[in-house]
Amino acid sequence: MEFLPPSRLLAAAAMLAIAASSLPAVAAPSSVAPVQYQGLRWRYIGPLRGGRTKAIAGIVSQPNTFYIGAVNGGVWRTDDAGRTWHSLFDKEPTQSIGALAIAASDPNVIYVGSGEGEQRPDLSVGNGIYKSTDGGKTWTHLGLRDGQQINRIVVDPKNSDRLFVAVEGHPFGPNSQRGIYRSLDGGKTFTRVLYRNVNTGGNDVAIDPANPQIVYATLWATRSAPWEAGPYDIAGSGFYKSSDGGTTWTKLTNGFPPRIGRAEIGVSPSNPNVVYAAADAPTGCAIYRSNDAGAHFTMTSTDWRLCDRAGDLLTITVDPKHPMTSWVTSTSLYRSTDGGKTYIPIKGAPGGDDYQDLWINPNDPAIMAFSSDQGAGISVNGGKTWSSWYNQPTAQMYHVNADNRFPYWVCGGQQDSGSACVVSRGAWGQINERDWHPAGAEEYGYVVPDPLHPGVFFGGKVERFSERTGQTQEVSPNPMRTKPYHVVRTEPIAFDHFDKHVMYFGANQLWETSDQGHTWHTISPNLYRKTYAIPSVFSAFEKSDPEKGHHHGVVYALAPSYTKAGTIWAGTDDGLMWITHDGGKHWSNITPPQLTPWSKVSQIDASRFDNDTAYIAINRLRLDDLHPWVFKTHDGGKTWTRITTGLPANEPVNAVRADPKVPGLLYAATEDSVDVSFDDGAHWQSLQENLPHSSMRDIVVHGNDLVVATHGRGFWIMDDVEPLRELARTPSWNSPHLFTPSLAYRVRRNTNTDTPLPSEEAHGQNPPDGAILYYTLPSAASRVELTIRDARGNVVRRYSSSDKAPAPIQFDKPSYWEKPFVALSNARGMHRFAWDLREASPPSVNVDLTMEANPHGTPRVPQGPLVVPGRYTVQLSVDGRSQSQPLSVVMDPRIHMSAADLQAQYDMAHQTTLLMASTYAALQKAKVAKNTKRAALFGRLNGRLTEVLDLIDGADRPVTDATRRAFCTLRTQALGAQGAMASRTPLCP
C-alpha cells in the first residue's frame with residue numbers, strides 16, 4: 001500500500017509528464033517464471049453483502065446444512081442454518097453457477113451445473129457440470145462443457161447415479177449442445193433425451209418423487225442480443241412429460257396458450273398428480289395447475305406481481321405436505337394456500353429482493369431456504385424469520401475506483417444491491433460491517449471519487465453522494481431520460497487529470513461538467529455506429545425484435561489523457577474507437593479494422609508516459625465469441641496491434657491496465673482470471689494466485705496495490721506489486737534476491753478496546769501489519785535469515801528459518817484467537833514475510849492474548865515497542881551469503897505527533913523491555929536458588945513493568961506525566977532490587 005498526500009501526488013504527476021519523453025523503450029523478457037512471484041497474495045475486502053444466488057439445496061437428514069451456488073461466486077456450504085458460510089469451489093476454473101443438486105440417497109453426492117442460466121446483460125457463462133462425492137471437499141468435471149448455461153439438475157431420489165440436466169446453451173448464439181440430458185452412471189456419460197434445435201435450450205426438469213420414471217421438462221427458445229435488450233423469444237418453447245424415465249417425451253398442451261416462453265415446474269411430493277406450471281407467454285404470464293399429472297392444466301392466477309419478472313425470476317415450489325400450498329419467487333417471495341389462485345407476499349422489500357428459487361425440507365416444511373439476487377436466506381419457522389445475507393462474500397461488482405485518502409476507499413456499483421465503498425484497511429484488525437457503506441449510486445455502474453473533495457463520489461448515470469451528509473442527489477445531464485439521450489446498464493464516469501474540476505460522463509454523446517453536475521454540456525456528436533448489418537448469431541431472432549436490429553450504441557469506455565490536456569479516448573459498445581485532442585471540439589475515428597459491429601469496447605487505459613499510447617479491452621461475449629481481444633497503439637490509434645498471446649483462449653477480457661510506474665507492465669481482467677504481461681502485451685501469464693475464478697470486471701493500479709472488482713466475489717486487493725515491477729526490469733536471479741521493500745506505514749493493528757467481534761462475524765482481510773518483505777530463492781536453502789537494522793546499524797529484529805514456535809500456553813480463551821507462528825521459508829521460490837515494525841517481545845510473567853483480538857490474528861502480549869519512523873536496512877542472509885535493501889518507515893498520516901514525542905515514547909518503551917528482561921532473568925535465577933521471597937519480588941516487578949509497557953506504547957500519543965512517573969518509579973525499584981542505582985536520565989530527571 002502506498003499513500004502520498006495530494007500535493008505530492010500532483011508533483012509526482014508533473015514529474016512523470018516532464019520525464020515521459022526520456023523514458024527508455026520497453027525491454028523486458030517474454031515471460032517471468034511464476035515461481036518468481038508466487039508469494040504475492042490477494043485478499044478479500046468486501047462488501048459484506050451477498051450477491052445474486054440462483055442455486056440452493058439442503059440435506060434432508062441434516063436440517064441445518066445447506067448448499068448454495070452464486071451466479072458468479074461459486075459453491076458455499078453452511079452447517080449452522082446460515083449463520084456462517086464456507087466456500088467449497090475456489091480452486092475450480094469457474095465460479096459461475098446455475099444449478100445444484102444433492103442426492104437424497106447419498107448426501108455426499110453433489111452435482112453442480114456451471115453458467116448461471118439466465119438471460120441477462122451482465123451474465124457469465126460456465127464450462128459444464130461438476131460432481132463431488134465427499135460433500136464438496138473435492139470436485140470432478142464431468143462434461144457438457146460447451147453447454148455454457150446449465151439451468152437445473154435433478155437426481156433420482158433413490159439412485160444417486162441417475163440424473164437429468166437442463167442445458168440452456170449459449171446465451172448469445174446457436175448451440176448444438178442444448179436440451180435435456182440424462183446420465184445413468186453418475187455423470188460419466190450423458191445422453192441427450194429431449195432436443196428441438198440449436199436455438200431452443202433446456203430450462204427446467206423435475207422428477208416425480210413417487211415414481212422416478214415420470215419426468216417433466218421445459219424447453220425455452222430464447223436468445224440475448226448483442227445490444228442491451230431482451231431476452232428475445234421465438235416459437236419452440238414447450239412443456240414436456242416422459243413416463244418411461246426420459247426415453248420418450250410427450251408435449252403437454254392442454255390448458256396452455258398456443259405458444260409459451262420460459263416455464264417452470266412444481267410437482268407436489270405428497271400428491272404427484274398435482275403439478276404446477278409457472279409460464280410466460282406472448283399473451284401474458286400465468287400460474288397453471290394440473291390435478292391429473294399434466295394431462296390437463298387450468299390457469300389459476302395472472303397476478304401481475306408474480307409475472308413482473310417472468311423472464312428470469314418466476315419459479316414455483318410445492319409444499320411437501322400440502323399439495324394446495326405453493327410458493328412463487330418473483331421480486332418478492334409469495335405463498336398460496338388455495339391451489340395457486342391467490343398469493344400473498346411473505347418475504348421481500350421495497351426495491352425488490354428478486355427471489356430466484358426456494359427449497360423446502362420434505363420432512364419438515366418449516367425448514368426452507370431461498371436464493372435471491374441478494375444472496376441466500378434460511379428459515380426454520382416456516383418463513384416467519386430468515387437468516388441474513390450480510391455474511392456472504394458474493395457481491396457482483398461492475399467497476400472499481402479508489403480515492404487518495406489513507407486508508408484508501410475502494411468503490412463500485414453492486415448488481416442488485418446499489419453500490420458500495422469499502423475501506424482498504426479496517427481499524428479493528430479486519431474489515432467488518434462498520435468498514436463499508438453505500439455510495440448512493442445505482443447498482444450497475446461506476447463509483448468515482450471526486451479528486452478535489454474527499455468523501456464525495458459520483459456514480460451511476462449520474463448521482464452525487466457525500467459521506468459527510470450521507471445524502472445522494474441526482475445530477476444526471478438528463479434525469480428524465482428523454483430522447484435522443486440514450487444510456488445502457490453501465491456508463492463511464494471519469495475526471496480530467498489536468499483540470500480536476502472537470503468530470504466526463506458517457507452516453508450516446510460525451511458530456512462534461514465542471515461544477516459537480518449542476519450544469520452539463522455535450523462535447524461530442526453521437527459516437528455510435530450509424531448503420532450496420534445484424535450479427536449472424538442473432539439472425540434467427542431478428543423478427544422478434546420490435547426495433548428490427550436498429551439499436552444505437554453508447555460511449556462505454558473513457559480515458560482522459562494523463563500526459564496532455566484535451567486528449568480523450570472513447571470507445572462504444574457497438575465497436576467504435578474515437579479520440580479528441582482538443583477537449584471534444586473535433587473527434588477522429590480510430591477504430592481497429594478487426595472490430596465488427598457490437599464488439600464492445602469494455603475498457604480503455606491511457607498511458608502515463610506518452611500521449612499516443614493506449615490499451616483497449618474488447619469483449620465479444622455478446623457475439624458468442626469467448627476469445628480474448630486486447631489491442632494496443634503507440635501512434636495515437638493510427639495502427640493497432642492485437643496482444644493476446646498467453647491469455648486464456650476462452651475468456652473474454654473486461655479490462656486492461658498499464659502499470660503507472662513501469663512501461664510495458666500490463667494487467668488484464670478476464671471473465672475468469674487476472675493476468676500479467678511483462679513485455680507490453682506480447683506475452684501474458686496468470687496472476688491468479690489465490691484469487692477465485694470469478695468474472696473479473698475491472699482492475700486498477702492504486703499506488704503500489706492492484707485492486708480488482710469481481711462480479712461475484714466482491715473487491716480484492718493484491719498488496720504491493722513492487723516485486724512485479726522489479727521483475728519487469730530483471731526477470732530472474734541466479735542467486736537469492738531480496739526485493740526492495742515498499743514504504744511501510746506505522747499503523748496500529750487493532751484499535752478496538754471493547755469486546756472483540758465474535759469469530760462467526762463475516763469479515764474481510766486487512767493487509768499484513770508493518771513492512772511487507774519479499775525474497776526469492778532459486779533453490780532450497782539450509783538457513784535463511786532476515787535482519788532489520790536501524791540507521792545506526794543496531795539490530796532491531798532478526799528472523800530465521802530455524803526459529804521455533806513459542807511454547808504453547810493454556811489460555812483462558814479458545815486457541816483459535818491466537819495468530820499462528822510463521823517461520824521464514826527456505827523453500828525454492830518467492831516468499832512474503834511481514835515485519836510488524838516492533839522489536840522482539842520482552843520476557844514476561846504475564847503472557848496473554850491482547851484484548852484487541854481477531855480470530856487467528858491475535859498476537860501474544862506483551863509485544864516489543866513499535867519503532868520510530870525513519871530509515872532502516874533489511875538484510876537477507878541465505879546460507880552465509882547476504883544482501884541488503886533500504887526500508888523507509890513512515891507514520892500513519894492520520895496521526896499528528898512530533899518526532900521528539902515519538903522518540904521519547906520509543907525510548908521509554910525500549911528501556912522498559914530491557915528492565916523486563918533483567919527482572920525476568922533475576923526471577924529465573926531466584927527460582928533456581930529457591931529464594932521464594934526474591935522470586936516473588938522480581939515476579940511482581942516484571943508484571944508491573946508489563947503493565948506500564950502497555951501504557952507507554954498503547955497509543956500514538958505523547959506519554960502522559962502520570963505514566964512517565966510510574967515508569968521512573970518502577971525503574972528505580974527494578975534497578976535497586978538488582979543492586980544498581982537509578983541514575984538521572986532525560987526520561988527520569
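# Disulfides, strands and ring pairs in a predicted model

At a relative accessibility of 17%, cysteine 307 counts as buried, because the cut-off for burial is under 20%. The model described here is predicted. Cysteine 307 is one half of a disulfide whose other half is cysteine 285, with the two sulfur atoms 2.1 Å apart. Cysteine 285 belongs to the loop between β20 (275-279) and β21 (286-290), while cysteine 307 belongs to helix α2 (residues 304-307), so the bond ties together parts that are 22 residues apart in sequence. Cysteine 285 is buried as well, its relative accessible area being 10%.

## The disulfides

The model has three disulfides. When the bonded cysteines of the chain are numbered in sequence order, they pair as 1-2, 3-4, 5-6. Distances, torsions and handedness are listed below.

| Disulfide | S to S distance | Torsion about S-S | Hand |
|---|---|---|---|
| Cysteine 285 and cysteine 307 | 2.1 Å | -70° | left-handed |
| Cysteine 411 and cysteine 421 | 2.1 Å | about 115° | right-handed |
| Cysteine 968 and cysteine 988 | 2.0 Å | about -95° | left-handed |

## Strand β31 and its neighbours

A disulfide connects cysteine 411 with cysteine 421. Cysteine 411 is in strand β31 (residues 409-414) and cysteine 421 in strand β32 (residues 418-423), so this bond ties together parts that are 10 residues apart in sequence. Both cysteine 411 and cysteine 421 are buried. The burial of cysteine 411 fits its strand, since β31 is mostly covered, with six of its six residues buried.

Which strands pair with β31? One is β30 (residues 401-402), which pairs with β31 in the antiparallel sense over two bridges. Alanine 402 has valine 410 of β31 as its bridge partner, and a hairpin of six residues joins β30 to β31. The other is β32, which runs antiparallel to β31 and is joined to it by six bridges. Here tryptophan 409 has valine 423 of β32 as its bridge partner. β31 and β32 also form a hairpin, with three residues between them. In that turn, aspartate 416 has a positive phi of about 75°. Cysteine 411 and cysteine 421 thus form a disulfide between strands that are also paired by bridges.

## Helix α6 and the segment after it

Helix α6 (residues 961-977) has 17 residues, which at 1.5 Å a residue should span 24 Å. The expected span counts one less than the number of residues. The C-alpha atoms at the two ends are 24 Å apart, in agreement with that expectation. The buried residues of α6 are Thr963, Phe967, Cys968, Leu970, Arg971, Ala974, Leu975 and Ala977. What covers these buried residues includes α4 (899-928) and α5 (932-953). After the helix comes glycine 979, which has a positive phi, near 85°.

Cysteine 968 forms a disulfide with cysteine 988, the sulfur atoms being 2.0 Å apart. Because cysteine 968 is in helix α6 and cysteine 988 in the segment after α6, the pair ties together parts that are 20 residues apart in sequence. Cysteine 968 counts as buried at 13% relative accessibility, and cysteine 988 is likewise buried, with a relative accessible area of 8%.

## Aromatic rings and charges over them

The model contains 30 aromatic pairs. One of them joins tyrosine 216 and phenylalanine 239, whose ring centres are 6.4 Å apart and whose planes form an angle of 70°, an edge-to-face arrangement. Tyrosine 216 is in strand β15 (residues 215-223) and phenylalanine 239 in strand β17 (residues 238-242), so the pair ties together parts that are 23 residues apart in sequence. Both tyrosine 216 and phenylalanine 239 are buried.

Ring pairs also build a cluster from Trp227, Tyr232, Tyr532, Phe538, Phe541 and Trp598.

Charged side chains lie over rings at two sites described here. Lysine 530 is over the face of tyrosine 528, 5.2 Å from the ring centre. At tryptophan 629, the charged end of arginine 642 sits over the ring, at 3.6 Å from its centre.

Definitions and conventions:
Residues are numbered from 1 along each chain as its sequence is written. This is a predicted model: local features need pLDDT of at least 70, side-chain atom pairs count only at pLDDT 80 or more; totals for chains, interfaces and linings use all residues. Side-chain values use heavy atoms; hydrogens and water are left out. Rings of Phe, Tyr and Trp (its six-membered ring) pair if their centres lie within 6.5 Å; planes under 30 degrees apart count as stacked, over 60 as edge-to-face and the rest as tilted. Helices (H or I, at least four residues) and strands (E, at least two) are DSSP runs, numbered from the N terminus. Buried means under 20% relative accessible area, exposed over 50%, partly exposed in between (1.4 Å probe, protein chains only). A charge sits over a ring if NZ of Lys or CZ of Arg is within 6 Å of the ring centre and within 35 degrees of the ring normal. Contact means heavy atoms within 4.5 Å. A disulfide is a pair of cysteine sulfur atoms within 2.5 Å. Two strands pair if DSSP finds at least two bridges between them.
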